[in-house]
2 protein chains.
Amino acid sequence: MASPPPSSRQDHVFQAPTGTRDFYPAELNRLRYIQDAWRRTSISHGFDEIDGPTFEHLDLYTVKSGEGIVSELFSFERFGGEKKFALRPEFTPTLARMYASKAGSLPKPTKWFWMQNCFRAERPQRGRLREFCQWNCDIIGDDSAAADVEVLACCIGMFQALGLRSTDVRVRVNDRGVVAGILEQSGVKAERVGEALSLLDRRAKIDAPEFAKIATAIGLDVKRYDGALAAYVDVAPSYKRLRDDLNSAGIGDWVAWDFGIVRGLAYYTGMVFEVHEASSAERAIAGGGRYDKLIEMFGGPPTPAVGFGMGDVVLSLVLQDKGLMPSDDEIAGRLGLRPDVFVISNGTPEADAAVVPTLAGLRREGLHARRSYKSSKNIGKLLGDATKARARFALIIESGTAGQIKDLDENTQVKIELAHVAELLRSEK
Amino acid sequence: MASPPPSSRQDHVFQAPTGTRDFYPAELNRLRYIQDAWRRTSISHGFDEIDGPTFEHLDLYTVKSGEGIVSELFSFERFGGEKKFALRPEFTPTLARMYASKAGSLPKPTKWFWMQNCFRAERPQRGRLREFCQWNCDIIGDDSAAADVEVLACCIGMFQALGLRSTDVRVRVNDRGVVAGILEQSGVKAERVGEALSLLDRRAKIDAPEFAKIATAIGLDVKRYDGALAAYVDVAPSYKRLRDDLNSAGIGDWVAWDFGIVRGLAYYTGMVFEVHEASSAERAIAGGGRYDKLIEMFGGPPTPAVGFGMGDVVLSLVLQDKGLMPSDDEIAGRLGLRPDVFVISNGTPEADAAVVPTLAGLRREGLHARRSYKSSKNIGKLLGDATKARARFALIIESGTAGQIKDLDENTQVKIELAHVAELLRSEK
């Protein structure tokens, strides 16, 4: 017999690591349904797909976010003195590295999308896992407001494709440059504006005395800042222009200005946005904005850029809450997973012998052909299996060369030569 | 202004970790071309897709392969006393864990495919990277030779879909049970058969004296073993039955029996196979076999299983060598990435103003619509960009409501209302 395994049968059952997911076929199809909408939307909006390594050198992440980010990363090293690595917590540093290293030969603007998994070494919570799937769209090399609007239009176009309406989700937009200007007018020194923005990002999450204490330390006079904001809203020229542009793209009703949105990541420089379920019941569905200094920080030429990221976890909770996640059967149909034919033998030896060659021939033609693995010769039962598999047709082989083909949608049945089955199925596809 | 980054511009350019890849659009499309063949073949052969975590608890890998495997893994731990994790070097342990934990409710047989990245902490070599994409197909819960043949047929069906012929690649099949029996007949004790199989797997890679030395230590009389093999080939009943079954599936000419194929992984129990480029110029393209004890080892009921894995790296080298990797344009066409329309303004203010709403409307209809970002008003130049983008049509907007639509394949042009463009493009899709 073959080699025995190094250790024998286990007493405990192995489990997936906390915060990660096992995707059995039905669950994976629901993820694929979301990814399919992401992919189609990206392509229709003229983005090209890219990909990079699942792990990067650790310093790719610390250079941008400081050493503080290390505790949120899964980091590791290899023997023999290689540099430390970390699983990507987001794709933007890789994108900036990739753009920087080929900036000279890339089109202006470059429009890239990306769709893979990211990793966070935090404690898992509702809407927040340790491994999740993320979609990014970025326009690099275009500093125009039109690029901001194009990115927003792509994000909103995806919501529309999944059946969400402007009353279901709210896109809240702000401009970090505007907020930074008001902070400086309110007495915050230029070198502390970054800290002030980071504090404002956490304003809703920390209690008022704590907020006031940190604000004082930073030199932020909160009353003066809130007053200056209120005065600004009345004029808000950025907002007016953005609203006109969004209306022109037909998505004005999806977007509201919100001075509270400053985004946690340090690299944003201008327009920023977040998307929330309308009642704010869940974490942010998506977030993005302008990051005009980042490509340069990774060794590229000064290059404006704007983009967003969206994870699958919160989006899928929102779709389920709104009753917008289709049934398993509907999803399988939309993903093109419905079998073209389910092959059955009528139980005679020559029909039995024809099953494998017939299946092989149909599959070679690219047709999705399934069969029963049961030893049952009860054709009624086997037809039941064909229906359960949601096959379009059942082929009941009656001899080495012929059989009956049954249209399972129309409930009609005709005699057919086995040699003509592929042709018929292709014409029905 | 916005917050300054924690550290300013870098002097060095960041690079992807050794043995990983950056995929710019054209490179990614070549990978997607292979993955598309993998996916279509899996589906047409009746496999359902699953996925699991990118990293698992380290002991999921050591239980099966022993502690020796740790040096080949990227392993890491999280603060706070959690168990150690490792990036998956292969998917089979995850599949066994997933099957074991739901064995009672899964169909018999269960047919699963999987297609994601794997990681190996080895020094990169030609055909062997630290991160690569892997395709697996497995039939679980069926101990029949028909299942072995179905798995082989799926693997070979994928080669056929990519244009490879039986003269391009060789599928070499063996039976570990047969070899184990001959080893025992040649004097190897049952408890050392595993070591002997592992030695035979390395036979072509180590020099003869070294091989002889280890063989003696294991109690393997090499002359006696080779003699017994030669005698066995004359009868080889397993081979004869397999050959008949493969002929019945129309793939007999792809497969040859080879007693040298025993596979490195300890978990194989019966039929094993490897696929090589015909001249054996590259590493194995794919490998697989029967692993009838593995599900049980992961806490499931005794369950026979058979499957294979194939990486993208060697396969893509072989396709390139044989001239079977299509051009970038062909691949983009096959992947459905060709733009339906390239939108151009004729330069008048009202046409300029209509570009964004027109694009937005077409994209909302799911059409792939691109535009020029150039400030040029030279329509000839812009049409050149449309051709370069391989767009099917160019739309030259002439007013707020109408324009010319130019068929770039047929080189014909007609006037059209903007409101009717989507309808025309859909009919041409």
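This report walks through a predicted model of two chains, A and B.

## How the two copies relate

Let's start with the pair as a whole. Turn chain A by 180°, with a shift of 0.0 Å along the axis, and it can be laid on chain B with an RMSD of 0.1 Å. The two copies are thus related as by a two-fold rotation axis. If you want to find that axis from chain A, look for A:Phe76: its C-alpha is the one nearest the axis, 2.6 Å from it.

Both copies use the same surface to meet each other, as 100% of the contact residues of chain A recur in chain B.

## Chain A in outline

Chain A has 15 helices and 16 strands. Its radius of gyration is 28 Å, well over the 22 Å that the globule rule gives for 429 residues, so chain A is more spread out than a compact globule. Along the principal axes, its C-alpha atoms fill a box of roughly 90 × 60 × 45 Å.

What about the inside? Of the 429 residues in chain A, 46% are buried. Many contacts also reach a long way along the sequence: among those between residues at least 6 apart, 68% join residues at least 24 apart.

## The three-stranded sheet

Now over to chain B, where three strands make an open sheet in the order β2-β4-β3, with antiparallel pairing. The edges are taken by β2 (55-57) and β3 (75-76), each with a single partner strand, so one side of each is left without a neighbour in the sheet.

Strand β3(B) is joined to β4 (residues 85-87) of chain B by two bridges, and the two run antiparallel. For one residue pair to look at, try B:Phe76, whose bridge partner in β4(B) is B:Phe85.

## The eight-stranded sheet

Chain B also has an open sheet of eight strands, in the order β1-β5-β6-β11-β10-β9-β7-β8, and here the pairing is mixed. Its edge strands are β1 (48-49) and β8 (255-257), each with a single partner strand, so one side of each is left without a neighbour in the sheet. At the β1 end, β1(B) pairs with β5 (residues 110-119) of chain B in the parallel sense, over two bridges. There, B:Asp48 stands opposite B:Trp112 of β5(B), and B:Glu49 has B:Phe113 of β5(B) as its bridge partner.

Two helices pack on this sheet. Helix α4 (residues 145-161) of chain B touches β6 (131-140), β7, β8, β9 (271-277), β10 (286-290) and β11 (305-311), and its direction makes about 20° with that of β11(B). Helix α5 (residues 176-185) of chain B touches β7 and β9, with its direction at about 50° to that of β7(B).

## A closer look at two strands

Strand β5(B) is mostly covered, with nine of its ten residues buried. Besides its pairing with β1(B), β5(B) pairs with β6(B) in the antiparallel sense over ten bridges. One of the residue pairs is B:Lys111 with its bridge partner B:Ile139 in β6(B).

Further along is strand β7 (residues 169-175) of chain B, home to B:Asp175. Is B:Asp175 buried or exposed? B:Asp175 counts as buried because 26 other C-beta atoms lie within 10 Å, and the cut-off is 20 or more. The C-alpha atoms of B:Asp175 and B:Ile34 are 29 Å apart, with their positions 141 residues apart along the chain.

## Where α1 meets α11

B:Ile34 turns up again in a helix pair. In chain B, the axes of α1 (residues 25-44) and α11 (residues 312-321) come within 11 Å and cross at roughly 100°. That makes α1(B) roughly perpendicular to α11(B). The contact involves B:Arg30, B:Leu31 and B:Ile34 from α1(B), and B:Asp312, B:Leu315 and B:Ser316 from α11(B). Chain A has a helix pair of this kind too: α1 (residues 25-44) and α11 (residues 312-321) of chain A pack at an angle of about 100°, with their axes 11 Å apart.

Which residues of α11(B) are buried? They are B:Asp312, B:Val313, B:Val314, B:Leu315, B:Val318 and B:Leu319. Their cover includes α1, β6, β9 and β11 of chain B. Just after α11(B) comes B:Gly323, with a positive phi of about 70°.

Key. Residues numbered from 1 in each chain as written. Chains lettered and ligands numbered in written order. Predicted model: local features only at pLDDT ≥ 70, side-chain atom pairs only at ≥ 80, totals over all residues. Least-squares fit on C-alpha atoms with pLDDT ≥ 70 in both. Contact = placed C-beta atoms within 7 Å. Pairing = 2+ DSSP bridges. Helix = DSSP H or I, 4+ residues; strand = E, 2+ residues; numbered from the N terminus. Rg over C-alpha atoms; globule rule 2.2 N^0.38 Å. Buried ≥ 20, exposed ≤ 12 C-beta atoms within 10 Å, placed from the backbone. Axes fitted to C-alpha atoms, helices over the stretch in contact; angles between N-to-C directions. Parallel < 35°, antiparallel > 145°, perpendicular 65-115°, else oblique.
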